[in-house]
Amino acid sequence: MNMCRYFLCFAVFSFIGWAYESLYYTIQQRKWVNSGFLNTCFCPIYGIGAMLDLILLGWIENTYVLFIAGMFITSVLEYFVSWLLESLFHQRWWDYTNWPVNIHGRVCVMAGAAFGALTVLLIRFIAPFTFRLIDNLGVIPLQIVTVVIASIMFADTVLSAKNVDTSKLWYVEKQSEMFAGLFENSSSEIVKRIRNSFRR
């Protein structure tokens, strides 16, 4: 029963990650974006990251320490998954190349900070609420829901790996171009202000 419980938590966190990312890109690009490697409404990297956070960081009480630790754990995972997907499929599913303070375009400080904040929200609020909901399910419903979701995710993973659709990643390039101009202009403005301050 514990396996079903933990798998459903993984699925819920994967769905929340998909919803968060798809909504972010949809608002940014003003066009519907189905984010992630899979074609259904799951981003497994978020589910894996959330479960790692719970297992490795769930004991941390200090919010600031939890934020930093969450930022580190999720950034390491994000870097590894970015490298793995690019090695297997020769394509990036996200790109921070034009963001400030990034490492090989795979991770950056701004995204890491967002994931650190999400780690705090996850452990303090989202995970306890999710576990309570799942624990309210009866044994049979729990098993049925687990089998159905696991079957969907497995089938989607196989089909997505067999037929990688890189055309769906148009938003990655668009975002990269947008932030290149944004941060370039911002940096230029900051440099100008610093220079002007020394001239006074």
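This report describes the pockets, a nonpolar surface patch and the salt bridges of a predicted model.

**Pockets**

The largest pocket has a volume of about 810 Å³, and of the 38 residues that line it, the closest to its centre are Cys 43, Pro 44, Ile 45, Tyr 46 and Ile 48. Helices H1 (2–29), H2 (44–57), H3 (63–89), H4 (109–135) and H5 (139–162) each supply at least two residues of this lining, with H3 giving the most, namely 9 residues. Sorted by class, the lining of the largest pocket holds 28 nonpolar, 7 polar and 3 charged residues.

The second largest pocket encloses about 230 Å³ of space, and among the 15 residues that line it, Tyr 20, Tyr 24, Tyr 96, Ala 111 and Phe 115 are the closest to its centre. Helices H1 and H4 each supply at least two residues of the lining of this second pocket, which divides into 11 nonpolar, 1 polar and 3 charged residues.

**Nonpolar surface patch**

On the surface, Val 139, Ile 140, Ile 144, Val 148 and Ile 152 make a nonpolar patch of about 440 Å², and Val 139 has its place in helix H5.

**Salt bridges**

Side chains of opposite charge can pair when their charged atoms come close. The whole structure contains 4 salt bridges, and the table lists pairs from among them, with the distance between the closest N and O atoms.

| Pair | Closest N and O atoms |
|---|---|
| Asp 135 and Arg 5 | 2.7 Å |
| Glu 86 and Arg 92 | 3.0 Å |
| Arg 106 and Glu 86 | 2.8 Å |

In the salt bridge between Asp 135 and Arg 5, distant parts of the chain are linked, since Asp 135 lies in helix H4 and Arg 5 in helix H1, 130 residues apart. Asp 135 has a relative accessibility of 43% and therefore counts as partly exposed, because that class covers values between 20% and 50%.

Glu 86 forms a salt bridge with Arg 92 and another with Arg 106. The pair of Arg 106 and Glu 86 also links distant parts of the chain, with Arg 106 in the loop between strand E1 (102–103) and strand E2 (107–108), and Glu 86 in helix H3, 20 residues apart. Through shared partners, salt bridges join Glu 86, Arg 92, Asp 95 and Arg 106 into one network.

How buried or exposed are the members of this network? Glu 86 is partly exposed, with a relative accessible area of 26%, whereas Arg 92, at 18%, is buried, and Arg 106, at 10% relative accessibility, also counts as buried, because the cut-off for buried residues is under 20%.

Terms used. Residues are numbered from 1 along each chain as its sequence is written. This is a predicted model: local features need pLDDT of at least 70, side-chain atom pairs count only at pLDDT 80 or more; totals for chains, interfaces and linings use all residues. Side-chain values use heavy atoms; hydrogens and water are left out. On a 1 Å grid over the protein atoms alone, a cavity is a set of points where a 1.4 Å probe fits but cannot get out, and a pocket is an open set with protein on both sides within 12 Å along at least five of seven lines; lining residues have an atom within 4 Å of a point. Grid points are joined across faces, edges and corners, and a volume is the space filled by probe spheres set on the points. Helices (H or I, at least four residues) and strands (E, at least two) are DSSP runs, numbered from the N terminus. Ala, Val, Leu, Ile, Met, Phe, Trp, Tyr, Cys and Pro count as nonpolar, Asp, Glu, Lys and Arg as charged, and the others, Gly among them, as polar. Patches are made of residues with over 30% relative accessible area and no salt bridge: like charges are joined within 9 Å, nonpolar side chains (Val, Leu, Ile, Met, Phe, Trp, Tyr) within 5 Å. Accessible areas come from the Shrake-Rupley method with a 1.4 Å probe; for residues, only the protein chains shown count as cover. A salt bridge is a side-chain nitrogen of Lys or Arg within 4 Å of a carboxyl oxygen of Asp or Glu. Buried means under 20% relative accessible area, exposed over 50%, partly exposed in between (1.4 Å probe, protein chains only).
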